[in-house]
Protein chains: 2
Amino acid sequence: MRAHVTKKTLSEGLGLLERVIPSRSSNPLLTALKVEPSEAGLTLSGTNLEIDLSCFVPAEVQDPQSFVVPAHLFAQIVRNLGGELVELEITGNELSVRSGGSDFKLQTGDLEAYPPLSFPAHADVSLDAAELARAFSSVRYAASNEAFQAVFRGIKLEHRPDSARVVASDGYRVAIRDFPASGDGRNLIVPARSADELIRVLKDGEARFTYGEGLLSVTTDRVRMNLKLLDGEFPDYERVIPKDIKLQVTLPATALKEAVGRVAVLADKNANNRVEFLVSEGKLRLAAEGDYGRAQDTLDVTQGGPEPAMSLAFNARHVLDALGPIEGDAELLFSGSTSPAIFRASGGGGYMAVMVTLRV
Amino acid sequence: MRAHVTKKTLSEGLGLLERVIPSRSSNPLLTALKVEPSEAGLTLSGTNLEIDLSCFVPAEVQDPQSFVVPAHLFAQIVRNLGGELVELEITGNELSVRSGGSDFKLQTGDLEAYPPLSFPAHADVSLDAAELARAFSSVRYAASNEAFQAVFRGIKLEHRPDSARVVASDGYRVAIRDFPASGDGRNLIVPARSADELIRVLKDGEARFTYGEGLLSVTTDRVRMNLKLLDGEFPDYERVIPKDIKLQVTLPATALKEAVGRVAVLADKNANNRVEFLVSEGKLRLAAEGDYGRAQDTLDVTQGGPEPAMSLAFNARHVLDALGPIEGDAELLFSGSTSPAIFRASGGGGYMAVMVTLRV
């Protein structure tokens with residue numbers, strides 16, 4: 001086999017695969033990249049057993065022949081090449097990688113032993129790739145990386161007839177984003193770490209879904225991905241969304257982020273980074289206290305709702321996370337000092353964070 | 001005491017001190033910043049017992065009164081402030097930091113217990129600050145961070161009547177930079193880690209030296225610094241600089257850096273990242289080999305000297321380090337396959353790296 005491919009397209013494809021393929025593994029086969037050439041180009045694929053990923057790279061190919069090579073080493077070599085065009089050639093058990101004055105010989109691996117990866121040919125439904133990526137990105141922070149309960153390490157996707165919703169929660173907070181969708185989809189839970197990789201490969205165009213047994217396959221024009229899904233019952237998060245809003249404040253999200261970041265410097269790390277919110281007379285006063293001193297910051301807000309004043313406390317880290325996806329003005333909806341609060345973008349946009357308050 | 005200072009100048013001063021003052025220490029006093037206000041501004045100082053650093057920040061001050069505060073916390077608070085102007089006020093044992101809508105109260109520390117720091121008032125000689133910083137930066141890589149022998153963890157400064165030289169070595173390589181100087185200076189060895197901090201505070205203007213007992217004090221218009229010096233005899237590095245050059249090649253330093261970086265991907269980490277250099281007929285061929293394959297790269301060079309060809313081997317890491325300070329064309333001077341080699345900038349500039357060869 002001999003192939004000619006531009007360094008840029010090959011590097012981009014390898015960059016996606018490198019994130020999925022482990023650089024070390026107790027099963028060394030998993031550290032390999034599988035390359036399946038055809039007349040039109042190279043199909044690069046790899047797996048970490050949670051995610052299978054495959055990516056097509058246009059190339060000029062003669063005598064197509066599949067092979068496996070150490071993924072990270074191959075990617076590093078290609079990235080460092082001096083020329084624009086890369087020549088790949090298989091001779092016996094060796095892959096030659098040539099470009100400019102460089103000539104690399106890499107031992108190829110055992111193709112037969114490599115686990116078979118298969119991707120479905122048909123699609124059940126499709127979603128807008130950019131919307132889906134933005135939705136997953138917005139709520140990702142609320143999923144736990146360590147929680148004992150698996151569903152708290154996942155992101156739920158609810159696909160309704162006319163809209164879709166992603167939800168993540170670690171039991172202390174819920175993040176939700178609604179976005180337009182059509183088609184007859186299913187509800188499912190994607191592991192948050194797999195969602196991270198999905199976000200990275202989704203760009204424009206369509207994300208075509210194929211439902212499998214405990215498996216979701218996502219296909220775009222560039223890549224194909226199989227994701228193992230999480231089993232289990234996602235908690236009934238609707239129940240914690242407060243309905244009875246007693247006080248509402250609106251202020252620029254950036255100003256609030258900066259002020260919370262400031263006072264949090266003195267917040268007690270051993271007491272949930274507690275920051276107090278005191279609202280009254282069109283002012284939001286933030287206060288924090290720790291071993292080294294105390295801090296306060298006062299912001300002007302637009303205030304509404306039946307209650308004239310309220311005092312609440314939050315984990316500063318959680319407040320900053322919740323504000324992350326909000327641009328422009330933020331709306332904070334309070335239902336009481338000991339009830340959950342809603343943070344959302346003023347004027348809608350589909351995103352909402354629900355947070356428990358700390359005891360006052 | 002009450003002081004008004006711009007956030008920018010105060011942040012810059014604190015930034016310098018933050019690098020020296022430890023964030024944790026078995027002696028918590030050392031984590032403090034000492035602030036000595038005068039009518040003209042604030043003198044910020046701190047120490048890690050290897051380096052004392054002091055920095056003047058212009059400010060408007062009323063009722064000057066010295067105090068100590070947790071350095072890193074104070075710096076973080078100032079950096080995060082929203083306003084341009086910062087007000088500092090001491091009331092009892094509390095420092096207030098105010099700006100825009102923010103008001104921080106920090107507990108001050110025990111001023112009496114803080115170690116006394118003194119900086120000399122006179123100067124013995126002076127050097128150009130920018131030249132000195134560039135010289136230290138160029139040779140820093142060759143000093144070891146772990147070597148058992150203390151002098152290998154230092155950078156030697158030789159101050160001659162009409163020039164100065166800095167030298168660093170870890171026993172396998174030597175880096176040298178000469179630069180213009182005048183005055184009657186001494187030879188001394190600065191710990192490499194202290195040189196790192198010195199590089200950071202030196203900008204334009206003069207670096208005024210005052211020699212103390214095992215101590216060098218460096219004063220610039222902005223800062224004053226005491227550095228503990230290293231004792232001991234620096235090795236006779238002149239002896240390893242090859243005089244009898246048998247083959248010389250010239251090529252663009254960047255092309256060589258890139259090519260060495262490329263082939264080094266396959267070099268054996270357990271065999272000194274060995275890269276072979278083969279020179280003949282106006283070509284430099286680089287070759288490396290490891291568990292996963294082999295690499296070669298060919299570069300055009302301008303070749304000179306009595307020998308028509310030579311084969312040598314180097315540690316790729318050391319080659320890349322040695323080329324670091326070289327811009328434009330690099331000159332490689334070879335005295336034989338088993339003798340040290342010189343890498344320097346073509347056309348002079350005062351920088352030279354001497355490297356041992358690996359066994360062929």
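**Entry 1: domains from the record**

A note to self before I copy anything from UniProt: its positions are in the numbering used here, the feature names are shortened, and an annotation may be inferred rather than shown by experiment. I'm working on a predicted model, so I looked up the confidence as well. Chain A has a mean pLDDT of 96, and 100% of its residues reach 70 or more. For the model I noted ipTM 0.87 and pTM 0.90.

I then went through the UniProt domains of chain A. The record, an unreviewed entry, puts "domain: DNA polymerase III beta sliding clamp N-terminal" at residues 3-117 of chain A. I find 21% helix and 44% strand in that span, with its end C-alpha atoms 23 Å apart.

"Domain: DNA polymerase III beta sliding clamp central" is placed by UniProt (unreviewed entry) at residues 127-236 of chain A. Here I get 25 Å between the end C-alpha atoms, 19% helix and 41% strand.

UniProt (again an unreviewed entry) gives residues 239-346 of chain A to "domain: DNA polymerase III beta sliding clamp C-terminal". I noted 19% helix, 46% strand and 23 Å from end C-alpha to end C-alpha for residues 239-346 of chain A.

**Entry 2: helix H1 and Thr43 in chain A**

I looked at helix H1 of chain A, residues 7-20. Its 14 residues reach 20 Å from first C-alpha to last, close to the 20 Å expected at 1.5 Å a residue. I listed the buried positions in H1(A): A:Lys7, A:Leu10, A:Gly13, A:Leu14, A:Leu16, A:Leu17, A:Glu18 and A:Val20.

Next came A:Thr43, which I found in strand S3 (residues 41-47) of chain A. Is A:Thr43 buried or exposed? Its relative accessible area is 16%, and the buried class runs to under 20%, so A:Thr43 counts as buried. Leaving out residues up to four places away in sequence, I see A:Thr43 touching A:Lys34, A:Val35, A:Glu36, A:Ser54, A:Cys55, A:Phe56 and A:Arg224.

**Entry 3: the nine-stranded sheet of chain A**

I traced an open sheet of nine strands in chain A, with antiparallel pairing and the order S14-S11-S12-S13-S26-S25-S24-S18-S22. Strand S14 (188-191) and strand S22 (302-304) of chain A are the edges, each pairing on one side only. Ignoring direction, I get an average turn of 20 degrees between neighbouring strands of this sheet.

How many bridges link S13 and S26 of chain A? I count five, between strand S13 (residues 173-180) and strand S26 (residues 351-355), in the antiparallel sense. One pair I wrote down is A:Arg173 with its bridge partner A:Met355 in S26(A).

Helix H3 (residues 129-139) of chain A packs on this sheet. H3(A) touches strand S11 (154-159), strand S12 (163-169), S13, S14 and S26 of chain A, and its direction makes about 170 degrees with that of S13(A). I also checked helix H6 (residues 316-323) of chain A. H6(A) lies across S13, strand S24 (329-334), strand S25 (341-345) and S26 of chain A, and runs at about 170 degrees to S26(A).

**Entry 4: Ala267 in chain A**

I went looking for A:Ala267 and found it in the loop between helix H5 (253-264) and strand S19 (274-280) of chain A. Despite the loop position, A:Ala267 counts as buried, because its relative accessibility is 5%. I listed its contacts, not counting residues up to four places away in sequence: A:Asn273, A:Arg274, A:Ala288 and A:Glu289. I also took one distance, from A:Ala267 to A:Gly293, which is 26 residues apart from it along the chain; their C-alpha atoms are separated by 8.8 Å.

**Entry 5: over to chain B**

I started with strand S10 (residues 125-128) of chain B, which pairs with strand S15 (residues 206-212) of chain B in the antiparallel sense over four bridges. B:Ser126 has B:Arg208 in S15(B) as its bridge partner.

On to the next pairing of S15(B): five bridges join S15(B) to strand S16 (residues 215-219) of chain B, and the two run antiparallel. B:Tyr211 stands opposite B:Leu216 in S16(B). S15(B) and S16(B) form a hairpin with two residues between them. I checked the turn and found B:Gly214 there with a positive phi of about 65 degrees.

Last lookup: B:Gly92, in the loop between strand S7 (85-91) and strand S8 (94-99) of chain B. At 62% relative accessibility, B:Gly92 counts as exposed, since that class starts over 50%. I paired B:Gly92 with B:Gln62 for a distance: 30 residues apart in sequence, 16 Å apart in space from C-alpha to C-alpha.

Note on methods:
Residues are numbered from 1 along each chain as its sequence is written. Chains are lettered from A and ligands numbered from 1 in the order in which they are written. This is a predicted model: local features need pLDDT of at least 70, side-chain atom pairs count only at pLDDT 80 or more; totals for chains, interfaces and linings use all residues. Side-chain values use heavy atoms; hydrogens and water are left out. Buried means under 20% relative accessible area, exposed over 50%, partly exposed in between (1.4 Å probe, protein chains only). Contact means heavy atoms within 4.5 Å. The expected span of a helix is 1.5 Å times one less than its number of residues. Two strands pair if DSSP finds at least two bridges between them. Axes are lines fitted to C-alpha atoms, for helices over the stretch in contact, and angles run from 0 to 180 degrees between N-to-C directions. pLDDT is the predictor's confidence in each residue, from 0 to 100.
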